[in-house]
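Hi everyone, thanks for making time for this. I'd like to walk you through one model, from the overall fold down to a few single residues. Have a look at the picture first, and then we'll go through it together.

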Amino acid sequence: MAAYWVARSRIIEPIAYKKYTDRVPAIISKFGGKVLARGGRYQIMEGPEKFHRFVVIEFPTLEQAVACFESADYQEAASFRRAGAGEVENVIVEGGDATVR
């Protein structure tokens with residue numbers, strides 16, 4: 001079952017943050033991920049307006065998404081933003097029955 005990595009971010013240091021974003025597409029691809037939305041137009045409908053960049057990545061399975069996040073390559077790339085270049089919330093959620101309950 002497909003899984004979705006959803007990220008909300010606030011870029012603090014654009015030059016340092018780019019060191020992160022330049023590395024991530026190849027890492028995602030290596031784990032079978034496909035970027036569905038990245039940094040496009042958005043409209044916050046509810047909630048804090050703290051974040052201004054949104055990313056949605058589809059993976060074939062939850063396990064592949066988690067493996068990507070936990071990989072040495074991703075952790076090395078993320079070290080650039082974690083050093084103060086940005087603030088990010090990451091969630092990986094498995095797709096499922098889309099019926100509203």
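**The fold and its salt bridges**

Reading along the sequence, you meet the pattern β-α-α-β-β-α-α-β. That comes to 4 helices and 4 strands, where helices (H or I, at least four residues) and strands (E, at least two) are DSSP runs, numbered from the N terminus.

Two housekeeping notes before we go on. This is a predicted model, where local features need pLDDT of at least 70, side-chain atom pairs count only at pLDDT 80 or more, and totals for chains, interfaces and linings use all residues. Residues are numbered from 1 along each chain as its sequence is written, and side-chain values use heavy atoms, with hydrogens and water left out.

How confident is the predictor? pLDDT is its confidence in each residue, from 0 to 100. The mean for the chain is 94, with 95% of the residues at 70 or more. Among the elements, helix 1 has the lowest mean pLDDT, at 95, and helix 3, residues 62-70, has the highest, at 98. As a general reminder, where pLDDT is low, the predicted coordinates should not be read in detail.

Now the overall shape. For 101 residues, a compact globule would have a radius of gyration near 13 Å, and the 14 Å of this chain agrees with that. The radius is taken over C-alpha atoms, and the globule rule is 2.2 Å times the number of residues to the power 0.38. Along the principal axes, the C-alpha trace spans about 40 × 35 × 20 Å.

What about contacts, meaning heavy atoms within 4.5 Å? Of the contacts with a separation of 6 or more, 77% are between residues 24 or more positions apart.

And burial: 26% of the 101 residues count as buried. Buried here means under 20% relative accessible area, exposed means over 50%, and partly exposed is in between, with a 1.4 Å probe and protein chains only.

On to the charged pairs. How many salt bridges does the structure hold? There are 6 of them, each one a side-chain nitrogen of Lys or Arg within 4 Å of a carboxyl oxygen of Asp or Glu.

Let me start with Lys 18 and Asp 22, whose side chains form a salt bridge at 2.8 Å, N to O. Lys 18 counts as partly exposed, because its relative accessibility is 46%.

Next come Glu 76 and Arg 23, joined by a salt bridge at 3.9 Å, N to O. This pair ties together distant parts of the chain, 53 residues apart: Glu 76 sits in helix 4 (residues 72-85), and Arg 23 in the loop between helix 1 (14-21) and helix 2 (24-30). Glu 76 is partly exposed at 41% relative accessible area, and Arg 23 is partly exposed at 33%.

The third pair I'd like to show is Glu 87 with Lys 50, a salt bridge at 2.8 Å, N to O. Here too distant parts are linked, 37 residues apart: Glu 87 is in strand 4 (residues 86-94), and Lys 50 in the loop between strand 2 (34-38) and strand 3 (53-59). Glu 87 counts as partly exposed at 26% relative accessibility, and so does Lys 50 at 40%. If you add Arg 10, you get a network of salt bridges linking Arg 10, Lys 50 and Glu 87.

Now three loop residues. Glu 13 lies in the loop between strand 1 (3-11) and helix 1, and is partly exposed at 45% relative accessible area. Not counting residues up to four places away in sequence, Glu 13 touches Gly 84 and Ala 85.

Is Ser 71 buried or exposed? Ser 71 counts as buried, because its relative accessibility is 11%. You'll find Ser 71 in the loop between helix 3 and helix 4. Leaving aside neighbours within four places in sequence, Ser 71 is in contact with Ile 27 and Phe 31.

That brings us to Phe 31, in the loop between helix 2 and strand 2. With neighbours within four places set aside again, the contacts of Phe 31 include Phe 59, Pro 60 and Ser 71. The C-alpha atoms of Phe 31 and Lys 18, 13 residues apart along the chain, are separated by 21 Å.

That's the tour, and I'm happy to go back to any part of the picture.

Note on methods:
pLDDT is the predictor's confidence in each residue, from 0 to 100. Contact means heavy atoms within 4.5 Å.
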